[in-house]
Amino acid sequence: MNRLLPKKKTRKNSSPEKINYLERVRRKFAVLKMKHGESWTCPYCNQPTTITEPNLDNQLITTSISKGLIDINSLVGYRGILIACPNEKCKRLTFTVRLSKIYYDQYSRWRELETLHTWQVLPESNAKPQPSFIPKQIVDDYTEACLIKDLSPKASATLARRCLQGMIRDFWSISVKSKKLSDEINAIKNQVSSSDWGAIDAVRSVGNIGAHMSQKRQNC
Ligand SMILES: [Zn+2]
């Protein structure tokens, strides 16, 4: 790995102007980090919160693995971001790993160049917490749809469609002679905004891809 690295620069001969510039860069990144922390919302308890040092561990792990050993810019590293929710009633862990191309910048620091892949390790699903009055079957379908959305988008869309059907039957107590979801959705067309109805019908349409093999699935 050392053969790939430029000679480390020393600050022994740095001018005061250069030191001031480096300090401004350091402060800039510190502020960015703080802003990121302020906007964080816990995926378990859904509480917006400020993440401070004891609850945050954010490290870039550099490696000697090079993608194709083409040049120094193709080295690969990974960043682990571990957050403990500061909410006393929650305190659960969120853990994300990001694999990136990395490079060694002119200030002798490793930087991420391009994200190759991101894994959300914890929580396993992006599902938002739901209030207790939502029927369990609907919450289960929703949680499962979120859990598999990357592994199987079609199966996830099918579950979202089933979730939608459950919501319409539970909330609007819709009763139509036809058992087709499209008829049930049409029955609530005048009870929701046009944008909401469009979103509902889009979920039905996409979910049909996994739910039916028929050529006429668009009207199911
Ligand atoms: Zn939390």
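Analyst: A helix axis here is a line fitted to C-alpha atoms over the stretch in contact, and the angle between two axes runs from 0 to 180 degrees between N-to-C directions. Keep that handy for this predicted model.

User: Okay! What does the chain contain, and in which pattern along the sequence?

Analyst: The chain has 5 helices and 4 strands. Going along the sequence, they follow α-β-β-β-β-α-α-α-α.

User: Now the axes. Why are helices H2 and H3 called roughly antiparallel?

Analyst: Helix H2 covers residues 136-147 and helix H3 covers residues 153-171, and their axes cross at roughly 160°. The cut-off for roughly antiparallel is over 145 degrees. Set roughly 160° against that cut-off, and H2 and H3 are therefore roughly antiparallel.

User: Is the angle enough to describe a pair of helices, or what else goes with it?

Analyst: Two packed helices are described by the angle between their axes and also by the distance between the axes. For H2 and H3, the axes come within 8 Å. The crossing of H2 with H3 is left-handed.

User: Which residues make the contact between H2 and H3?

Analyst: From H2 there are Gln137, Ile138, Asp141, Tyr142, Glu144 and Ala145. Their counterparts in H3 are Ser156, Leu159, Ala160, Arg162, Cys163, Gly166, Met167 and Asp170. By kind, the contact has 7 nonpolar, 3 polar and 4 charged residues.

User: On to the strands. What makes S1 and S4 edge strands?

Analyst: The 4 strands form an open sheet ordered S1-S2-S3-S4, with antiparallel pairing. S1 and S4 (110-122) each pair on one side only, and that makes them the edge strands. On average, neighbouring strands in this sheet are turned by 20° against each other, ignoring direction.

User: How do you know that S1 and S2 pair?

Analyst: Two strands pair if at least two bridges are found between them. S1 (residues 56-66) and S2 (residues 75-84) have 8 bridges, in the antiparallel sense, so they meet the cut-off of at least two. One place to look is threonine 62, which stands opposite glycine 77 in S2.

User: And how many bridges link S2 with S3, and S3 with S4?

Analyst: S2 and S3 (residues 93-104) pair over 10 bridges, antiparallel. S3 and S4 also pair antiparallel over 10 bridges. Between S2 and S3, alanine 84 has leucine 93 as its bridge partner, and arginine 79 stands opposite arginine 98. Arginine 98 also has a bridge partner in S4, threonine 118.

User: Leucine 113 caught my eye. Where does it lie, and why is it called partly exposed?

Analyst: Leucine 113 is in strand S4. Buried needs 20 or more other C-beta atoms within 10 Å, and exposed needs 12 or fewer. Leucine 113 has 16, so it falls in between and is partly exposed. Its C-alpha is 5.1 Å from that of isoleucine 102, which is 11 residues away in sequence.

User: How does asparagine 46 come out, buried or exposed?

Analyst: Asparagine 46 has 12 other C-beta atoms within 10 Å. The rule for exposed is 12 or fewer, so asparagine 46 is exposed. You'll find asparagine 46 in the loop between helix H1 (16-38) and S1. Its phi is near 65°, a positive value in a residue other than glycine.

User: What makes lysine 91 partly exposed?

Analyst: Lysine 91 has 13 C-beta neighbours within 10 Å. Exposed stops at 12 and buried starts at 20, so lysine 91 counts as partly exposed. Lysine 91 sits in the loop between S2 and S3, and its phi is positive, near 60°.

User: Last one: which kind of peptide bond joins leucine 122 and proline 123, and what does proline 123 touch?

Analyst: The bond between leucine 122 and proline 123 is cis, with omega about -10°. Proline 123 lies in the loop between S4 and H2. Leaving out residues up to four places away in sequence, proline 123 touches Pro43, Tyr44 and Thr94. Proline 123 has 16 C-beta neighbours inside 10 Å, between the two cut-offs, so it is partly exposed.

Note on methods. Residues are numbered from 1 along each chain as its sequence is written. This is a predicted model: local features need pLDDT of at least 70, side-chain atom pairs count only at pLDDT 80 or more; totals for chains, interfaces and linings use all residues. Helices (H or I, at least four residues) and strands (E, at least two) are DSSP runs, numbered from the N terminus. Angles under 35 degrees count as roughly parallel, over 145 as roughly antiparallel, 65 to 115 as roughly perpendicular and the rest as oblique. A crossing is left-handed if the near helix is turned anticlockwise from the far one by less than a right angle, and right-handed if clockwise. Two residues are in contact if their C-beta atoms, placed from the backbone, lie within 7 Å. Ala, Val, Leu, Ile, Met, Phe, Trp, Tyr, Cys and Pro count as nonpolar, Asp, Glu, Lys and Arg as charged, and the others, Gly among them, as polar.
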